[in-house]
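Please open the model in your viewer and keep the sequence panel at hand, since each stop on this tour begins with a selection and then says what is found there.

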Amino acid sequence: MADALTVDIVAPDHTVWSGTASRVIAPSVAGEIGLLANHEPVLSILKAGTVKVTSESGRQEFPVTGGFVSFDHNTITIVADSVVTDED
C-alpha cells in the first residue's frame, strides 16, 4: 500500500486493532477528522462516535466513547476511553 498509515487503536486494557490503512476518519470534538498519508500533525480529543479505518482488507468501524487521536509522520494512535466490539 503506497503511502500507508500505521494505525494503532487501543483501549485502556488492550490493543483493539493494529495495522496499515489508507484512511482513518475519527469523531473529534470539533467535528469528524479525516486523516490521509502526509497529513499535517494532529492531536485532537475524541467524542463518542465511530472511528472508521479503510485498509486493504476493507473498511472497519470501531465505536468509541471518547479519548484522543494523535497523528504524526504517517502514524496514527487512537487511545479510546472504551471501544465497543462484537466480543463485548
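## A tour by selection

Begin by selecting residues 23-28 and residues 31-35 in this predicted model, which are strand 3 and strand 4, paired in the antiparallel sense over five bridges. The two strands form a hairpin, with two residues between them. Within this pairing, centre the view on Ile25, which stands opposite Gly34 in strand 4. While a strand is on screen, it may help to recall that in a regular strand the side chains alternate between the two faces of the sheet.

Next, select Lys52, whose place is in strand 6, residues 49-55. Which residues is Lys52 in contact with, leaving aside its neighbours within four places in sequence? They are Arg23, Val24, Ile25, Glu32, Arg59, Gln60 and Glu61, and Ile25 is the residue just visited opposite Gly34. Add Glu32 to the selection and show side chains, and a polar contact of 3.3 Å appears between the side chains of Lys52 and Glu32.

Now move to the aromatic rings, where the count of pairs comes to one. Select Trp17 and Phe62: their ring centres lie 6.4 Å apart and their planes meet at 45°, so the pair is classed as tilted, the class for angles that are neither under 30 degrees nor over 60. Because Trp17 lies in strand 2 (residues 14-21) and Phe62 in strand 7 (residues 58-64), the pair ties together parts that are 45 residues apart in sequence. Are these two residues buried or exposed? Trp17 is buried, with a relative accessible area of 15%, and Phe62 is likewise buried, with a relative accessible area of 9%.

Finally, clear the selection and show the whole chain, which has zero helices and nine strands and follows, read along the sequence, the pattern β-β-β-β-β-β-β-β-β. The radius of gyration is 12 Å, close to the 12 Å that the globule rule gives for 88 residues, so the protein is as compact as a globular protein of that length. Along its principal axes the C-alpha trace spans about 35 × 30 × 20 Å. If you colour by burial, the buried residues make up 38% of the 88 residues, while a surface display corresponds to an accessible surface of about 4,900 Å², of which 50% belongs to carbon and sulfur atoms. A contact map makes a fitting last view: of the contacts with a separation of 6 or more, 43% are between residues 24 or more positions apart.

Notes
Residues are numbered from 1 along each chain as its sequence is written. This is a predicted model: local features need pLDDT of at least 70, side-chain atom pairs count only at pLDDT 80 or more; totals for chains, interfaces and linings use all residues. Side-chain values use heavy atoms; hydrogens and water are left out. Rings of Phe, Tyr and Trp (its six-membered ring) pair if their centres lie within 6.5 Å; planes under 30 degrees apart count as stacked, over 60 as edge-to-face and the rest as tilted. Helices (H or I, at least four residues) and strands (E, at least two) are DSSP runs, numbered from the N terminus. Buried means under 20% relative accessible area, exposed over 50%, partly exposed in between (1.4 Å probe, protein chains only). Two strands pair if DSSP finds at least two bridges between them. The radius of gyration is taken over C-alpha atoms; the globule rule is 2.2 Å times the number of residues to the power 0.38. Contact means heavy atoms within 4.5 Å. Accessible areas come from the Shrake-Rupley method with a 1.4 Å probe; for residues, only the protein chains shown count as cover. A polar contact is a pair of N or O atoms within 3.5 Å; within protein, one must be able to donate a hydrogen and the other to accept it, and residues adjacent in sequence count only if both atoms are side-chain atoms.
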